[in-house]
Amino acid sequence: MDAAAAPRRAARGRAGSQPGGRPEKSPPERKVYMDYNATTPLEPEVIQAVTEAMQEAWGNPSSPYIAGRKAKDIINGAREALASMIGGKSQDLVFTSGGTESNNLVIQSVVRHFHESQTSVGDLEPSVPAEGATPHIITCTVEHDSIRLPLEHLVDKQEAEVTFVPVSTVSGQAEVEDVLAAVRPATCLVTIMLANNETGVIMPVPEISQRIKVLNQRRAACGLPRVLVHTDAAQALGKRRVDVEDLGVDFLTIVGHKFYGPRIGALYVRGLGKLTPLHPMLFGGGQERNFRPGTENTPMIAGLGKAAELVTEHCEAYEAHMRDIRDYLEERLQAEFGQRVHLNSRFPGTERLPNTCNFSIQGPQFQGCMVLAQCKTLLASVGASCHSDQGDQPSPVLLSCGIPFDVARNALRLSVGRSTTKAEVDLVVQDLKQAVAQLEGQT
């Protein structure tokens, strides 16, 4: 059935007054969703893949009979689809519950590997970390909480030392030279997101990986541990091409619900268990080659695989459409609000995601949460959904990027999707105009 047709037919049946002469309620205000960086709806093909797996592949994937073998085949096919999406090998992928687990798995695994592979100083050079040394990790100040908080937890427990490299206020990026300058003898991991979820800024991950690769050759000659490179690609996948060979990373985090898939994820590990170590956080039945045990969630994995197939087939079209709509949105905002609007995610010469527009309407009464509260059509956020409990406090990400406090406090993050239209942009801009007028009338 046409999903849009059902409400229309119901409306015809309710025309006129309700029984008893009561007037019919007004139809609800139309809503326009522009929070696709927070989550995305499932594509119809993904829903179909999930449903079919529930109906036909309900068997335990470890079982030898038909239902089990069908489930295992679906899992293997999904793994191949993910590998194609990121230009990697299927044997280097492990399914997880999502981005948070994948990121924690990388961090915990690298710390454990550091301790297990430590060598006492002995005859080595004095710069070599001694037995009992503390592992050192490098990240940046605008990472997702699923990176920042595990690292802060390790610091609190004195189990690791962490350098949070500030992002440039000129480019919005973690600068390559700053990352390299932070490397110490005990450095074991650099983790830098591929694209920021609030500004959309693309980080120079390929350049960082290349420089770390050269550095590792010199470190090996001195007996120093190899520095591994991880990127959380949650926001980039489905919006631009992502290729692990171009990126040169050792680990890459995949999050299904950011590219119209279900809420599970995966972790890419280059040369899993051979070239790059991975230590499990869980222990159980041996699934996922013991790296992530637990009976596989076949329907969700099927949906993740289908979502990956769609990205592989249509990514360029998705990217072009979203960029066209985002650029139109920014043009309309500037046309309607003029000098009062500040585009927070524009950094000259810096590439950004095609769908993300972070902006502020300047003025003391136009705090982001206040503007959204007055909106009748727009569904969006003031920043990362994981920071939604911060009230009217400015986004730490925007402050790190050099956005002034009063401007950052007024920020709204609009992120468009595959089906967002220019007509919907026009509705949103009109909604913002009436919200601003409402707030001006209260002063």
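1. **Glu159 and its partner.** Glu159 is partly exposed, with a relative accessible area of 31%. Keep in mind that this is a predicted model. The side chain of Glu159 meets that of Lys157 in a salt bridge, at 3.3 Å from N to O. Lys157 is partly exposed too, with a relative accessible area of 44%. Neither Lys157 nor Glu159 counts as buried, because that class takes a value under 20%.

2. **Confidence.** The average pLDDT of the protein is 91, and 88% of the residues score at least 70. Residues 1-17 fall below 50; this stretch has seven contacts in the model beyond near neighbours in sequence. Residues 120-127 also have a pLDDT below 50, again with seven contacts beyond near neighbours in sequence. Where pLDDT is low, the predicted coordinates should not be read in detail.

3. **Glu336 and Lys433.** The salt bridge count comes to 26. One pair is Glu336 with Lys433, whose side chains meet at 3.2 Å from N to O. This pair links distant parts of the chain: Glu336 sits in helix H9 and Lys433 in helix H13 (residues 422-441), 97 residues apart. What else is in the network with Glu336 and Lys433? Arg332 and Asp426 are joined to them by salt bridges that share partners. As for exposure, Glu336 has 29% relative accessibility and counts as partly exposed. Lys433 is at 34% and is likewise partly exposed.

4. **Glu296 and Lys72.** A salt bridge joins the side chains of Glu296 and Lys72, with 3.6 Å from N to O. The two residues are 224 residues apart, so this pair, too, links distant parts of the chain. Glu296 lies in the loop between strand S8 (265-269) and helix H9 (298-337), while Lys72 belongs to helix H3 (residues 66-86). Is Glu296 buried or exposed? Glu296 is buried, because its relative accessible area is 10% and the cut-off is under 20%. Lys72, at 29%, is partly exposed.

5. **Strand S8: burial.** Five of the five residues of S8 are buried, so the strand is largely enclosed by the rest of the structure. Both faces are covered. Gly265, Leu267 and Val269 are buried on one side. Ala266 and Tyr268 are buried on the other.

6. **Strand S8: pairing.** Which strands are bridged to S8? Strand S2 (residues 93-96) runs antiparallel to S8, joined by four bridges. Here Val94 has Leu267 of S8 as its bridge partner. Strand S7 (residues 251-255) also runs antiparallel to S8, with five bridges between them. In that pairing, Phe251 is matched with Val269 of S8. Both of these S8 partners, Leu267 and Val269, are among the buried residues on one side of the strand.

7. **Helix H4.** Helix H4 (residues 99-116) has 18 residues. From its first C-alpha to its last, H4 reaches 26 Å, close to the 26 Å expected at 1.5 Å a residue. The buried residues of H4 include Gly99, Glu101, Ser102, Asn103 and Asn104. Leu105, Val106 and Ile107 are also buried, as are Ser109, Val110, Val111 and Phe114. An α-helix has 3.6 residues a turn, so residues three or four places apart point the same way. Among the buried residues, Asn103 and Ile107 are an example to view with that spacing in mind.

Conventions:
Residues are numbered from 1 along each chain as its sequence is written. This is a predicted model: local features need pLDDT of at least 70, side-chain atom pairs count only at pLDDT 80 or more; totals for chains, interfaces and linings use all residues. Side-chain values use heavy atoms; hydrogens and water are left out. A salt bridge is a side-chain nitrogen of Lys or Arg within 4 Å of a carboxyl oxygen of Asp or Glu. Buried means under 20% relative accessible area, exposed over 50%, partly exposed in between (1.4 Å probe, protein chains only). Two strands pair if DSSP finds at least two bridges between them. The expected span of a helix is 1.5 Å times one less than its number of residues. pLDDT is the predictor's confidence in each residue, from 0 to 100. Contact means heavy atoms within 4.5 Å.
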